[in-house]
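Here is a short briefing for a first look at this structure. Start with the overall make-up, then move on to the core, the strands and the empty spaces.

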Amino acid sequence: MANERERLTTLKHFGESLTSKSRSAFSLIELLVVISIIGVLTSLTFPAINAARESARKLSCSSHMRQLGLAMQSHTISHREFPNNGGYSANSVIQAADGSMQGIETEDFNANQTYKWGIGNPLGDGTGEQPGCWAYTILPYLEQTAAYQKVDVEIRQVMFLCPSRPRPRPAVPIQDANGRYESAGWAWAKTDYCGNSRVTPNAPLRLSLASISDGLSQTYLIGEKAYDPTVHTSTSWYWDEPIFSGGSKGTARAGLRIAGDGIEIEFRNNWGSAHPQGAQFVLADGSVHFISESIDYQVMRALLTPDGGEIETGEAFQ
């Protein structure tokens, strides 16, 4: 009897051991359930991570624009007027990649027009006018005096780029479906920000502080510009002329629409960004605000106009 009890006890312990071992391993169904749970958690986490990254990029973009606004204010205090958008002059030439002196231009196939652009000149054009646009003019106030003095058109100016927009590095322009571009053989640095052309008009016009009769806090100074990645490629200047040029819509505009980055958007003369649902603008008082793409066009016009007598409430600003 004792041997029989010992045998039964041994069999019982052996069975419990087998059961314990079988329970310590995952079945296929359990493994699939775990994988599914991990997939769900990942899908829930990625949007939050992407939103956090975009928030950081948007904040960095806002910081860039604030620095541009401060540089514009510093120039205005020194010269008693805002820098304009520049424009073509007889002295608008640059030493080309082949050593010759050349001008720059865009032949717009859609408008059937050829536009000659000014080129930033640290000495002006001899008459006190600056053929380069406002973005070139304020480079010394952004600690870019060397680029300003040397007219180093290929140096990428990070302060003029939005971190949310995956813009490719510029290359030497080539002819495309929209136009032919003469760049003297250089890959010119571009900008994601445009001046308000009612405050930064083409040369020779200039606006003084007193001209902003609607108030500095009621007038756009700089905004993010609309962007179509299939049009504004690294080798195109179409509505995307560079920082060191002057007189173009690549650096100043006054459209009434804000369009998110995308294919076949209405980018000509309009504003826009890679940020969801709107774009950022610097007011003439130096403050930066996010403006919804659904803003009423009349409110948009009022904020673009420096002397229209319109007073907008803070409801337009986010």
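The protein has five helices and 13 strands; both are DSSP runs numbered from the N terminus, helices being H or I over at least four residues and strands E over at least two. This is a predicted model: local features need pLDDT of at least 70, side-chain atom pairs count only at pLDDT 80 or more, and totals for chains, interfaces and linings use all residues. Residues are numbered from 1 along each chain as its sequence is written, and side-chain values use heavy atoms, with hydrogens and water left out.

**Overall figures**

- Of the 318 residues in the protein, 45% are buried. Buried means under 20% relative accessible area, exposed means over 50%, and partly exposed is in between (1.4 Å probe, protein chains only).
- Take the contacts between residues at least 6 apart in sequence: 72% of them join residues at least 24 apart. A contact means heavy atoms within 4.5 Å.

**Nonpolar cores**

- A nonpolar core is a set of buried Ala, Val, Leu, Ile, Met, Phe, Trp, Tyr and Cys residues joined through side-chain atoms within 4.5 Å.
- The largest such core holds 46 residues. W134, I138, F160, W188, I222 and F244 have the most contacts inside it.
- At least two residues of this core come from each of α2 (28-79), β4 (113-119), α3 (134-137), α4 (145-150) and β7 (220-224).
- Helix α2 gives the largest share, five residues.
- A second, separate core has 13 residues, including Y220, I258, W271 and F281.
- In soluble globular proteins, nonpolar side chains tend to be buried together.

**Two residues of the main core**

- W134 lies in helix α3. Its relative accessible area is 0%, so W134 counts as buried.
- Which residues does W134 touch, beyond its neighbours within four places in sequence? They are M72, P83, N84, N85, F160, Y193, C194, G195, T200, I222 and T251.
- N85 is 49 residues from W134 in sequence, but their C-alpha atoms are 5.1 Å apart in space.
- F244 touches G118, I119, G120, G132, Y136, L139, A147, V151, D152, V153 and W188, leaving out residues up to four places away in sequence.

**Strands and sheets**

- Two strands pair if DSSP finds at least two bridges between them.
- Strand β3 (residues 104-108) runs antiparallel to β4, and five bridges join them. E107 has T114 in β4 as its bridge partner.
- β3 and β4 form a hairpin with four residues between them. In the turn, N112 has a positive phi of about 55°.
- β4 also pairs with strand β8 (residues 245-246), antiparallel, over two bridges. Here I119 is bridged to S245 in β8.
- An open sheet of five strands has the order β9-β6-β7-β12-β13, with mixed pairing. Its edge strands, β9 (252-253) and β13 (288-292), each pair on one side only.
- Within that order, β7 pairs with strand β12 (residues 278-283) in the antiparallel sense over three bridges. I222 stands opposite V282 in β12.

**Pockets**

- On a 1 Å grid over the protein atoms alone, a pocket is an open set of points with protein on both sides within 12 Å along at least five of seven lines, while a cavity is a set where a 1.4 Å probe fits but cannot get out; lining residues have an atom within 4 Å of a point.
- Grid points are joined across faces, edges and corners, and a volume is the space filled by probe spheres set on the points.
- The largest pocket has a volume of about 270 Å³. It is lined by 16 residues, of which H75, H79, Q130, T137 and Y148 are closest to its centre.
- The second largest pocket holds about 230 Å³. Of its 16 lining residues, Y115, W117, W239, S248 and K249 are closest to the centre.
- β3 and β4 each supply at least two residues of the second pocket's lining.

**Cavities**

- How many cavities of 30 Å³ or more does a search of the whole structure find? There are two.
- The largest has about 60 Å³ of space. R156, Q157, L161, R167, P168, R169, P170, A189 and K190 line it.
- The second largest has about 30 Å³. Its lining is R167, P168, R169, P170, K190, Y227, H232, T233 and S234.
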